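Welcome! Below are a few short exercises, each followed by a worked solution. Take a look at the structure, then work along step by step.

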Amino acid sequence: MVKKLVSVTKEGLELPEDDEEKKKHEADKERFENLCKVMKDILDKKVEKVTVSTRLVSSPCCIVTSQYGWSANMERIMKAQALRDSSTMGYMAAKKHFEINPDHSIVKSLRDKVEADKNDKSVKDLVVLLFETSLLSSGFSLENPQTHGERIFRMIKLGLGIDEEDAVEPETATTAAKSEDMPPLEAEGDDASRMEEVD
C-alpha cells in the first residue's frame with residue numbers, strides 16, 4: 001500500500017474524523033463565520049482566507065501556505081537572494097491562509113469582543129498581533145518588526161491599565177543634570193584620533 005506524504009504546514013491536510021467531529025467542525029465554522037470575515041477584512045491582502053482549523057490543539061491560530069507555493073523556509077531563502085526575480089516572488093511567495101482554533105480561549109474571547117462591537121479599536125490590534133505572532137511561530141519573517149514591537153507595547157500598556165498619555169514620563173531634573181555632567185562625544189573622538197596618531 002502506497003502512503004502519500006503531506007506537509008502539515010500546507011493547506012489540504014485531511015485528518016481522520018468521525019461523524020461527531022465532522023458535526024462539531026461544521027457547527028464551529030458557522031459560529032465563527034463572522035469572526036473569520038472580520039479578521040479577513042482587517043488583514044486584507046496579507047492573507048488569502050481565514051478559516052476554522054481542524055489541525056490545532058493548543059495554539060490559538062497558525063499560518064498555512066497553499067499547496068504549491070513556497071514554504072516559510074523557502075520564502076526566506078528566496079528573499080535573501082541578491083539577484084532574485086521580483087516577478088517570481090509575486091506568484092511563488094506563499095499564499096497565506098490564517099487558521100483559527102475554535103476551542104482556544106483567546107479566539108473565543110475575541111469572537112465575543114467582535115460580537116459586542118466589531119469596531120472596537122483593540123480588535124484590530126489583537127487580530128494583527130495574532131497574525132504577526134503566527135507568522136513568527138510558523139517560520140516567516142516580519143516586514144516591519146518595529147511596528148510589531150510597538151503593537152506589543154501598546155497591548156501591554158492596555159493590560160496594565162496605562163493610558164497612552166501617561167506612557168512617557170517627563171524628563172526629571174536629576175536626569176537632565178546627569179546628561180549635563182556627561183562629556184561631549186566629540187572629545188572622545190578627538191582622544192581616539194590622537195591615540196591613532198601615536199600608534
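Accessible areas here come from the Shrake-Rupley method with a 1.4 Å probe, and for residues only the protein chains shown count as cover. This is a predicted model, in which local features need pLDDT of at least 70 and side-chain atom pairs count only at pLDDT 80 or more, while totals for chains, interfaces and linings use all residues. Residues are numbered from 1 along each chain as its sequence is written, and side-chain values use heavy atoms, with hydrogens and water left out.

**Exercise 1. Describe the surface and the overall pattern of the protein.**

Start with the surface: the accessible area of the protein is about 14400 Å², and carbon and sulfur atoms hold 54% of that. Next, of the 199 residues, 30% are buried (under 20% relative accessible area; exposed is over 50%, partly exposed in between; 1.4 Å probe, protein chains only). Then list the elements: there are nine helices and three strands (DSSP runs, H or I of at least four residues for helices and E of at least two for strands, numbered from the N terminus). Their order along the sequence is α-α-β-β-α-α-β-α-α-α-α-α.

**Exercise 2. Work out how the sheet is built.**

First, find the order: the three strands form an open, mixed sheet, β1-β3-β2 (two strands pair if DSSP finds at least two bridges between them). Second, look at the edges: β1 (49-52) and β2 (61-65) each have a single partner strand, so one side of each lacks a neighbour in the sheet. Third, follow one pair: β2 and β3 (residues 96-100) run antiparallel and are joined by five bridges. Within β3, K96 stands opposite T65. Finally, add helix α6 (residues 121-137), which packs on the sheet and touches β2 and β3; contact means heavy atoms within 4.5 Å.

**Exercise 3. Is R111 buried or exposed, and which residues does R111 touch?**

Locate R111 in helix α5 (residues 105-116). Its relative accessible area is 19%, so R111 counts as buried. Leaving out residues up to four places away in sequence, R111 touches R31, F32 and L35.

**Exercise 4. Decide where to read the model with care.**

Begin with the mean pLDDT, which is 77, with 65% of residues at 70 or more (pLDDT is the predictor's confidence in each residue, from 0 to 100). Confidence is highest in helix α2 (residues 33-43), with a mean of 94, and lowest in helix α8 (residues 173-181), with a mean of 50. Where pLDDT is low, predicted coordinates should not be read in detail.

Methods
Pairing = 2+ DSSP bridges. Axes fitted to C-alpha atoms, helices over the stretch in contact; angles between N-to-C directions.
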